[in-house]
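Visitor: Hi there! Please pick one part of this molecule and take a close look at it with me, step by step.

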Amino acid sequence: MINDEYFLAALRLAAGNDPIPGHVSAAARDAYRLRVPMAVTAAHTESATIRSVRDNDSSHLVRFIAAGLTFDLEVTEGDGLIDVAGHISPYPGEGALVDVRSPHLTLTRRIAPTGHFVATGLPPGWLSVVCHRPGHPPVQTTWVRIRP
């Protein structure tokens, strides 16, 4: 048997008389602002070949692949913040930049000719990296959650 309160709430929602809570609308707007127009999304992939250069347990290794690029990210936690040491291969070319993003902070870095980049002092939580290559659409990683 259906609960009367649940049934009435469903009717109000269907009739458009139950407004969306303000915090839900605000969260949707914040998420929409994080999109990268026309970006290709690199998917997370498992890899047994990438290894940490550090010998501690605070390091996470993550690999993403799309559009002919491989993103290898080593994320290290310390002092309540995270650092990202990344490598994009093959080298995306002269003038390429990466944005290392959290929902509230974006750090833009140049990519070395070796494909390496570093971003430090990010808050723990959600993280994404976007590679901007001249003459090509951006390539972004999916969002991953880094927990302390």
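Guide: Sure, let's start with some vocabulary: two strands count as paired if DSSP finds at least two bridges between them. Strands themselves are DSSP runs of E with at least two residues, helices are runs of H or I with at least four residues, and both are numbered from the N terminus. One caution before we dive in: this is a predicted model, where local features need pLDDT of at least 70 and side-chain atom pairs count only at pLDDT 80 or more, while totals for chains, interfaces and linings use all residues. Residues are numbered from 1 along each chain as its sequence is written, and side-chain values use heavy atoms, with hydrogens and water left out.

Now the overview. The protein has two helices and 10 strands, and the two helices come before the strands as you walk from the N terminus.

Our close-up is strand β2, which covers residues 59–66. On one side, β2 is joined to β1 (residues 40–45) by three bridges, and the two run antiparallel. You can trace that pairing residue by residue: A43 has I65 of β2 as its bridge partner, and H44 is matched with F64 of β2. Here's a handy rule for looking along any strand: in a regular one, the side chains alternate between the two faces of the sheet.

β2 also pairs with β3 (residues 69–78), again antiparallel, this time through eight bridges. One of the matched pairs is S59 with T76 of β3. Follow the chain from β2 into β3 and you meet a hairpin with two residues between the strands. In that turn sits A67, with a positive phi of about 50°.

Let's step back to β1, since it has another partner too. Three bridges link β1 to β9 (residues 139–141), and this pair runs parallel. There, T41 has Q140 of β9 as its bridge partner.

What does the whole protein add to this picture? Among contacts (heavy atoms within 4.5 Å) with a separation of 6 or more, 46% are between residues 24 or more positions apart. As for burial, buried means under 20% relative accessible area, exposed over 50%, and partly exposed in between, using a 1.4 Å probe and protein chains only. By that yardstick, buried residues make up 32% of the 148 residues.

Last stop, away from the strands: L11 sits in helix α1 (residues 4–15). L11 is partly exposed, with a relative accessible area of 44%.
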